[in-house]
Amino acid sequence: MSEKQPCTYQQTRFHRFHGYNLSLHDQDTVAHREMSFANAIVFSERSLSPGEVFLIEIESSENGWSGHIRLGLTQLDPDALQRSGHLLPQCAIPDMVSNKTMGESWVCALTKHQAWYDANYLTNYFRLDGNHVFTSRGTFPTSILKSSRDDKMDILPTDVGSRVGVLYLPCGQNMAVMHFIINGEFVVPLSRTIPYNDGPIRAVIDVYGATKRVRVIQVYNVNSLQSACRETILKNIKAASVSKLPLPNALKEYLLYKT
């Protein structure tokens, strides 16, 4: 009898085709701008599903430059660009947004102050329920969206330690809305006219200006049978109903990410 293999998950990474001032580290999960302020565009390794969150954390910054990280979504195919010998533009804004010959892109600059709103989503692709987020790719605790710094209340969106996520949610026939989640808070919806059925959509990040280094945060780490079972249960019931299940208290706490 063959030995049973452990459960594995697909790690979220950056694509290896990127701007020439950028270098990748830690198995392509860290993007570091080596010099200057630009030529540091990078993509998610693979395309995103509707509702799937691509989350990064700012690891270091550099004084002397104006502006900060830009991020968003794109229908550019980095594999096709690499095969054709294309060089990426110097900056995501305005170059990628205004030049649509290679594909559509929707990119916004991160600033120190954003416009927040209270999101209460319940869709087939993304659902907030208490301490959990349910998406088309998997379930994770809302706490992972927040900064890992001790002074979470004082952190600005562009500070080192800030966590920024991007996703898109369908809102009509072949139309989707792009959202940012910054340190666990939703930003007012940005682009509203993304034709998500026209082609695969990837996250795109421009490690620009004062932002020096960013890391992908692994949101979908379903690496055990126990956590896979928890995810399946929470897809079928609301978190508020867990207390009513005929289970020991220890299991109920596990289901609610309390242990």
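**Exercise 1. Find how much accessible surface the protein chain has, and what share of that surface belongs to carbon and sulfur atoms.**

Step 1: In this predicted model, the accessible surface of the protein chain is about 13000 Å².
Step 2: Carbon and sulfur atoms account for 50% of that surface.
Step 3: Turn now to the residues. The protein chain holds 259 of them, and 49% are buried.

**Exercise 2. Describe the fold in counts: how many helices and strands does the protein chain have?**

Step 1: Go through the elements of the protein chain, and you will find four helices together with 16 strands.
Step 2: Next, look at the contacts whose separation is 6 or more; 68% of these in the protein chain join residues 24 or more positions apart.

**Exercise 3. Pick out strand 6 and decide whether it is mostly covered or exposed.**

Step 1: Strand 6 spans residues 70–74.
Step 2: Buried means under 20% relative accessible area, and five of the five residues in strand 6 are buried. Strand 6 is thus mostly covered.
Step 3: Sort the residues by direction. Arg70, Gly72 and Thr74 point one way, while Leu71 and Leu73 point the other way. Both groups are buried.

**Exercise 4. Work out which partners strand 6 has, and in what sense they pair.**

Step 1: Start with strand 7, residues 105–109, which pairs with strand 6 in the antiparallel sense over five bridges. Here Leu71 stands opposite Cys108.
Step 2: Move on to strand 15, residues 202–206. Strand 6 and strand 15 run antiparallel and are joined by five bridges. In this pairing, Thr74 stands opposite Arg202.
Step 3: Put the steps together: strand 6 pairs with strand 7 and with strand 15.

Technical notes
Residues are numbered from 1 along each chain as its sequence is written. This is a predicted model: local features need pLDDT of at least 70, side-chain atom pairs count only at pLDDT 80 or more; totals for chains, interfaces and linings use all residues. Side-chain values use heavy atoms; hydrogens and water are left out. Buried means under 20% relative accessible area, exposed over 50%, partly exposed in between (1.4 Å probe, protein chains only). Helices (H or I, at least four residues) and strands (E, at least two) are DSSP runs, numbered from the N terminus. Two strands pair if DSSP finds at least two bridges between them. Contact means heavy atoms within 4.5 Å. Accessible areas come from the Shrake-Rupley method with a 1.4 Å probe; for residues, only the protein chains shown count as cover.
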